[in-house]
Amino acid sequence: MDFSLAREQELLKKMAAQFAENELEPVAAEIDETHTFPMENFQKMAKLGFTGIGVPKEYGGVGGGAVDEVIAVSEFAKKCMASAATLSIHLITPHILTQFGTEEQKEKYLPRLTKGGEVAAFALTEPGAGSDAAGVQTKAVYDAERDEYVLNGTKCFITGGSRASVITVFALTDPSKGTKGLSAILVEAGTPGFTVGKIENKMGLRGSETAELIFEDCRVPASNLVGKPGQGFKIAMQALDSARIGTGAQGVGIAEGAIGLSVKYMKERIQFGKPIAALQGLQWYIADMATKTEAAKWLVYHAAYLHDSGKPFTMEAAMCKMNAAENARFATNLALQIHGGYGYMHDYPLERMYRDAKITEIYEGTSEIHKVVISRAVLGK
Ligand code: CAA
């Protein structure tokens with residue numbers, strides 16, 4: 001067993017940490033306040049290769065795999081959770097195309113979505129299909145005469161949907177077949193019949209836009225189908241398995257960030273004539289936060305290792321995501337408590353981190369859904 005990172009991964013970690021400190025942290029409070037998605041930061045991420053992680057170099061990527069994604073995403077989340085989420089969720093579509101795309105799709109889209117600095121989105125969720133992903137109602141009817149799919153339906157809560165130039169949309173191509181009638185279809189921004197609806201006003205993660213996407217007789221070439229007709233549910237589930245490792249990394253990063261801020265504050269803040277770091281009650285908070293975060297980190301890295309080794313990792317991805325999310329809320333809550341009244345104030349980052357951490361228990365599958373996935377695996381159902 002070897003728990004150490006490769007030399008290139010150490011360098012990646014250093015680069016991601018520097019980028020997060022220099023470019024993400026300075027705008028984190030502002031983008032939360034103004035609820036804006038900093039497109040220029042996304043393009044800087046692209047320039048440095050972060051948006052190409054896990055994509056082969058011949059298509060504009062930088063190679064690497066899930067471990068590399070965990071490194072970058074967790075470093076970003078230490079300083080700006082919204083930016084970490086933006087990268088992590090963007091990567092879903094390039095990874096789907098790398099695994100399931102045709103040669104033509106890879107050549108057409110991957111360079112744009114990696115070094116090209118264009119955003120991608122993953123559109124599965126609908127008003128009536130959240131945890132029950134099989135409840136998708138959006139339809140894609142094949143028009144043989146024009147060799148096109150005609151999409152009708154509405155997607156909701158789509159991260160980056162309003163900024164994306166390419167969206168992987170899950171739609172029923174054969175509604176009579178249930179999950180086996182669901183397909184993955186690429187839709188480009190600007191396609192007639194596709195409009196962006198409501199941008200959600202969220203509790204946290206406000207530096208990332210969450211949008212409603214509306215498809216009304218939206219025609220796309222049949223060549224935009226990813227994989228085979230009816231393969232969409234499996235593509236979505238496999239993509240979510242991988243993406244959940246990224247969400248686990250977000251949870252670990254934000255917890256590490258909260259610990260870092262708490263340690264600094266505890267050494268500076270004087271009460272009862274000494275730094276509050278001398279108070280045993282708060283020392284024990286730090287011990288709990290550090291231990292649980294270390295455990296969460298290794299569950300995430302283990303799932304990423306299994307992913308990169310080509311071994312099954314569905315259960316481990318669910319475990320690492322559920323655990324890291326729970327710990328993100330735990331650690332940001334205690335960090336806020338350590339900061340007392342200052343932690344509750346908008347001028348300090350803790351209240352933002354507390355709000356941001358909560359989403360990790362909800363998106364990319366709720367903690368309850370992960371218990372379904374884990375228990376099914378353990379019980380062999
Ligand atoms: N990998 C490959 N195939 C899988 C799979 C996996 N992880 N999980 C299920 N499948 C396959 C099954 O093998 C089955 O195939 P067969 O019919 O050939 O046997 C098929 O898919 C149906 O599986 P289930 O019967 O298990 O399906 P289910 O309806 O019981 O659903 C579920 C399972 C795990 C609950 C699933 O619905 C689920 O993951 N729900 C949560 C959805 C989710 O995470 N949504 C988040 C969306 S993205 C987001 O949050 C925000 C964003 O912007 C990114």
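These legends go with several close-up views of a predicted model.

Some ground rules before the views: residue numbers start from 1 along each chain as its sequence is written, and side-chain values use heavy atoms, with hydrogens and water left out. Since this is a predicted model, local features need pLDDT of at least 70 and side-chain atom pairs count only at pLDDT 80 or more, while totals for chains, interfaces and linings use all residues.

**View 1. K78 and E256 meet in a salt bridge.** The N to O distance here is 3.7 Å; to count as a salt bridge, a side-chain nitrogen of Lys or Arg has to sit within 4 Å of a carboxyl oxygen of Asp or Glu. K78 belongs to helix α3 (residues 66-79) and E256 to helix α7 (residues 232-268), so this pair ties together parts that are 178 residues apart in sequence. Helices in these legends are DSSP runs of H or I with at least four residues, strands are runs of E with at least two, and both are numbered from the N terminus. K78 is partly exposed at a relative accessible area of 23%, and E256 is partly exposed too, at 22%. The labels work like this: buried means under 20% relative accessible area, exposed means over 50%, and partly exposed is in between (1.4 Å probe, protein chains only). Pan out a little and K78 and E256 turn out to be linked with K13 and E75 in a network of salt bridges.

**View 2. R146 pairs with E148, and K177 pairs with D174.** In the R146 to E148 salt bridge, the closest N and O atoms are 3.3 Å apart. R146 is partly exposed, with a relative accessible area of 49%, whereas E148 counts as buried at 17%. For K177 and D174, the closest N and O atoms are 3.7 Å apart, and D174 is partly exposed at 24%. Searching the whole structure turns up 22 salt bridges.

**View 3. Four glutamates, E58, E103, E104 and E107, form a negative surface patch.** Patch members have over 30% relative accessible area and no salt bridge; like charges are joined within 9 Å, and nonpolar side chains (Val, Leu, Ile, Met, Phe, Trp, Tyr) within 5 Å. Asp and Glu count as negative and Lys and Arg as positive, with His and the chain ends not counted. The place of a charge is taken as NZ of Lys, CZ of Arg, CG of Asp or CD of Glu. Within the patch, E104 sits in helix α6 (residues 103-113) and is exposed, with a relative accessible area of 54%.

**View 4. Y342, Y344, M345 and Y348 make a nonpolar surface patch.** The patch covers about 440 Å², with accessible areas coming from the Shrake-Rupley method with a 1.4 Å probe; for residues, only the protein chains shown count as cover. Look for Y344 in helix α10 (residues 340-344). Y344 is exposed, at a relative accessible area of 64%.

**View 5. H35 and F272 each have a positive phi without being glycine.** Most residues other than glycine have a negative phi. For H35 the angle is about 60°, and for F272 it is about 55°. H35 is found in the loop between α1 and α2 (39-47), where it is buried at a relative accessible area of 16%. F272 lies in the loop between β9 (270-271) and β10 (274-275), and this one is exposed, at 72%.

**View 6. The cysteines here include C80 and C156, and the disulfide count is 0.** A disulfide would need a pair of cysteine sulfur atoms within 2.5 Å. C156 is in no disulfide, and its nearest cysteine sulfur, that of C218, is 17 Å away. C156 counts as buried at 9% relative accessibility, and C80 is buried as well, at 3%.

**View 7. Two C-alpha separations, Q18 to G135 and D143 to T36.** Q18, in helix α1 (residues 7-34), counts as partly exposed at 45% relative accessibility. The C-alpha atoms of Q18 and G135 are separated by 42 Å, with their positions 117 residues apart along the chain. D143 lies in strand β2 (residues 139-143) and is buried, at 18%. From D143 to T36, 107 residues apart along the chain, the C-alpha separation is 39 Å.
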